[in-house]
Amino acid sequence: MIHLTERITVSGRIDDQLELPFDQRQKSRLRVALVSGREAALFLSRGIILRGGDLIQSEDGSLVVQIVAAQEPVYNVIAPTPRDLMRAAYHLGNRHVPLQIGDGWLRLEQDYVLRDMLLGLGMQVSEVHAPFEPEAGAYGGGHRHGEDVLHSLRPRQDGHAHG
């Protein structure tokens, strides 16, 4: 079995592709099937979130795989005004909802409670199948709590900040 172990930034070639929905692109250990049908296993560093277009390679460097953000059921949200859209984003952010922000629209994973809230706020919500690429978060990674952020800013023993 192919072991995919490292995200790389540049390659002169792409040998295969791996199509995954967002929830699986957040996992560091996962058994997968490449687009070619070959079986592989992800063994990535914890905390890595793969994005569409990212490149990963096998542990021996012989295979370079491009990540494809899979089409998945999501809501597209549009609003009557930019202010209304910001209001919707604010309410979703208060609920720590992973959110993709586009030019005049929001995208989120389907959840009927959130849909009802958005409709109540006057949003237009449509169910679509599309790639989902939510914002990475203000501190660069995925979801973090305040104490995690404070820890990453504390000086290390050598006098430098973490991160």
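Good morning. Among contacts in the protein chain between residues at least 6 apart in sequence, 62% join residues at least 24 apart. I should say at once that this is a predicted model.

Let me begin with the chain as a whole. The protein chain holds four helices and 10 strands. Read from the N terminus, its elements follow the order β-β-α-β-β-β-β-β-α-β-β-α-β-α. Of the 163 residues in the protein chain, 35% are buried. The accessible surface comes to about 9,900 Å², and carbon and sulfur atoms account for 50% of that surface.

I turn now to the sheet. Six strands form an open sheet in the order E2-E6-E5-E1-E4-E3, and the pairing is mixed. At the edges lie strand E2, residues 16-20, and strand E3, residues 29-33, each of which pairs on one side only. Neighbouring strands of this sheet are turned against each other by 35 degrees on average, with direction ignored.

As a reminder, strands of a sheet pair through backbone hydrogen bonds, either parallel or antiparallel. Strand E6 illustrates both arrangements. E2 and E6 run parallel and are joined by five bridges; within this pair, aspartate 16 stands opposite valine 65 in E6. Strand E5, residues 55-58, and strand E6, residues 64-69, run antiparallel and are joined by three bridges. Here leucine 55 has glutamine 66 as its bridge partner in E6.

Which side chains of E2 are buried, and which are not? Asp16, Leu18 and Leu20 point to one face and are buried, whereas Gln17 and Glu19 point to the other face and are not buried. In general, the side chains of a regular strand alternate between the two faces of the sheet.

Next, two residues that touch each other. Phenylalanine 22 is found in helix H1, which spans residues 22-25. Why is phenylalanine 22 classed as buried? The reason is that its relative accessible area is 5%, and buried means under 20%. Leaving aside residues up to four places away in sequence, phenylalanine 22 touches Ile49, Arg51, Glu72, Pro98, Glu109, Phe132 and Pro134. One of these partners, glutamate 109, is 87 residues apart from phenylalanine 22 in sequence, while the C-alpha to C-alpha separation is 9.4 Å.

Arginine 51 is placed in the loop between strand E4, residues 39-43, and E5. With a relative accessible area of 19%, arginine 51 also counts as buried, because the cut-off is under 20%. Again without residues up to four places away in sequence, arginine 51 touches Phe22, Arg25, Ile67, Glu133, Pro134, Glu135 and Ala136. Pro134 is thus listed as a contact of phenylalanine 22 and as a contact of arginine 51.

Finally, the helices. Two packed helices are described by the angle between their axes and the distance between the axes. For helix H2, residues 82-94, and helix H3, residues 112-120, the angle is about 150 degrees and the axes are 10 Å apart. The crossing of H2 and H3 is right-handed. Which residues make the contact? On H2 they are Ala88, His91 and Leu92, and on H3 they are Leu114, Met117 and Leu118. By class, this contact has five nonpolar residues, one polar residue and no charged residues.

Thank you for your attention.

Notes
Residues are numbered from 1 along each chain as its sequence is written. This is a predicted model: local features need pLDDT of at least 70, side-chain atom pairs count only at pLDDT 80 or more; totals for chains, interfaces and linings use all residues. Side-chain values use heavy atoms; hydrogens and water are left out. Axes are lines fitted to C-alpha atoms, for helices over the stretch in contact, and angles run from 0 to 180 degrees between N-to-C directions. Helices (H or I, at least four residues) and strands (E, at least two) are DSSP runs, numbered from the N terminus. A crossing is left-handed if the near helix is turned anticlockwise from the far one by less than a right angle, and right-handed if clockwise. Contact means heavy atoms within 4.5 Å. Ala, Val, Leu, Ile, Met, Phe, Trp, Tyr, Cys and Pro count as nonpolar, Asp, Glu, Lys and Arg as charged, and the others, Gly among them, as polar. Two strands pair if DSSP finds at least two bridges between them. Buried means under 20% relative accessible area, exposed over 50%, partly exposed in between (1.4 Å probe, protein chains only). Accessible areas come from the Shrake-Rupley method with a 1.4 Å probe; for residues, only the protein chains shown count as cover.
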